[in-house]
Amino acid sequence: MRNTYAPVIVFVYNRPEHTKTVLESLAQAYGAEKTELFIFSDGEKGKADHEQVVKTRQILAAFKNKQLFRSVTVIERETNRGLAASVISGVNKVIKITGRVIVLEDDMAAQKGLLNFLNDALDYYENNKRIWSVSGYTIKMDIPSSYKKDVYFGYRGASCTWATWLDRWELCDWSVKSYSRFKYNPVSRHKLNRGGEDMAMMLDEQMHGLISSWAIRWTFCQYENNMLTVFPVKTLAVNNGYDGSGTNCFSIEEGIQQKTWDKTSGFQFCDVELRKDIVEMFHANFSGSFISTVKLKIRSLLLRAFHLVLRNDGNGLKITTLKKARKYNTQITEARYLKNDN
């Protein structure tokens, strides 16, 4: 039984039921009583979400009093920063405490072995400079029965339940200064898209101010440093965010049903091995059909070359100008928060 556990961060906003689920599930995970928990609660955007933010914070206050972790620290933001700025600034603060951190978004539900798996993986891969991060969540895939290992490796960074080290985190350039060299380089774009054909397109949207995503920049820095993410062969966290309530999760009517892992200890790790069949399944999951891939490439070209945005407004695909599509410059807001935090 390990004695030290990495600090855990949970980011919450205006979803009280999701918040309750993630915290209660984490408290049931082995090692919770030895874990320092940090909860960052984002502020309201306005009157429309005031009540939900208040309810979320009431849940946080009640949970903190239960003393289920080694310690619980709640940071309530007065203003709404958005997920990207919240994650970057929050991780910046906590990861410096022990040089490693575990992060969950509010729509996750932890299995009992999650903290053991992530902490064991952080120990095992700490000095392996091919490993960028560790995920506690894995997508629904039919891993071949001949594959007997507890982990596999992928080109895409994890974003909903993950862990990393300070030295990797500090390698990330959140301003993506190299984008100008990347955006028209077909070889570089192909390499980034090994984690899914949506990756390069998302980076384009990020850099043109259409989305605010810390995760695509995190994965891009993983690609630039030629590193990989470790995934469990079965998921140790369930994603409840596909109900249309999240910042970057769309709605899926039937949800994503997959088998969870009831293993709680004795996880077996291995050296890096990129299995072609697993890499291809992983890539296909995030790429969709051939037609979907073609549409992504067309959208990307229109955006990069002509500053035109191809969107589906519910009545079919329509083209609009970047200026009209960009409602506000999220990166300016983010930069202000990060400057004040550091």
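How many of the nine residues of helix H8 are buried? Hold on to that one for a moment while I set the scene.

What you have in front of you is a predicted model, so local features need pLDDT of at least 70 and side-chain atom pairs count only at pLDDT 80 or more, while totals for chains, interfaces and linings use all residues. Residues are numbered from 1 along each chain as its sequence is written, and side-chain values use heavy atoms, with hydrogens and water left out.

Okay, back to H8. Seven of the nine residues in helix H8, which runs over 199-207, are buried, so we can call this helix mostly covered. Buried here means under 20% relative accessible area, exposed means over 50%, and partly exposed is in between, using a 1.4 Å probe and protein chains only. The helix itself is a DSSP run: H or I with at least four residues makes a helix, E with at least two makes a strand, and both are numbered from the N terminus. The buried set in H8 is Met-199, Ala-200, Met-201, Leu-203, Asp-204, Glu-205 and Gln-206. Just past H8 you meet Gly-209, with a positive phi of about 75°.

Now, who touches H8? Look at Ser-300, in helix H11 (residues 290-306). Not counting residues up to four places away in sequence, Ser-300 touches Arg-189, Met-201 and Asp-204, where a contact means heavy atoms within 4.5 Å. Met-201 and Asp-204 are both on that buried list from H8. Ser-300 and Arg-189 also share a side-chain polar contact of 2.7 Å. For that term we need a pair of N or O atoms within 3.5 Å; within protein, one must be able to donate a hydrogen and the other to accept it, and residues adjacent in sequence count only if both atoms are side-chain atoms. Ser-300 counts as buried because its relative accessible area is 3%.

Let's zoom out. The protein has 342 residues, and 51% of them count as buried. Its secondary structure comes to 13 helices and twelve strands. If you take contacts between residues at least 6 apart in sequence, 82% of them join residues at least 24 apart.

Next, one residue with plenty of company. Thr-161 sits in strand S8 (residues 161-165), and its relative accessibility is 0%, so it counts as buried. Leaving aside neighbours within four places in sequence, its contacts include Val-103, Leu-118, Gly-136 and Ala-237.

On to the rings. Which residues form one aromatic cluster? They are Phe-117, Tyr-124, Tyr-125, Phe-153, Trp-261, Phe-267 and Phe-269. The rule is that rings of Phe, Tyr and Trp (its six-membered ring) pair if their centres lie within 6.5 Å; planes under 30 degrees apart are stacked, over 60 edge-to-face, and the rest tilted. The count by this rule is 24 aromatic pairs. One of them is Tyr-125 with Phe-269, edge-to-face at 5.8 Å centre to centre and 85° between the planes. This pair links distant parts of the chain, 144 residues apart: Tyr-125 is in helix H4 (residues 114-125), and Phe-269 is in the loop between strand S10 (237-239) and helix H10 (276-285). Tyr-125 is buried at 1% relative accessibility, and Phe-269 is buried at 14%.

Another pair is Phe-182 with Phe-220: the ring centres are 5.0 Å apart and the planes are at 75°, so this one is edge-to-face too. Phe-182 belongs to helix H6 (residues 179-182) and Phe-220 to helix H9, 38 residues apart. Both Phe-182 and Phe-220 are buried.

Rings can also have a charge over them, meaning NZ of Lys or CZ of Arg within 6 Å of the ring centre and within 35 degrees of the ring normal. Arg-156 does this over Phe-286, at 3.7 Å from the ring centre, and Arg-2 does it over Tyr-5, at 5.5 Å.

What about cysteines? The whole structure has zero disulfides, a disulfide being a pair of cysteine sulfur atoms within 2.5 Å. Why is there no bond at Cys-172? Because its closest cysteine sulfur, in Cys-221, is 3.1 Å away, too far for a bond. Cys-172 is buried, with a relative accessible area of 9%.

Last stop, the loops. Gln-67, between helix H2 (47-64) and strand S3 (71-76), has a positive phi near 55° although it isn't glycine. Gln-67 is exposed, at 68% relative accessible area. Asn-226 also has a positive phi near 55°, in the loop between helix H9 (214-224) and strand S9 (228-232).
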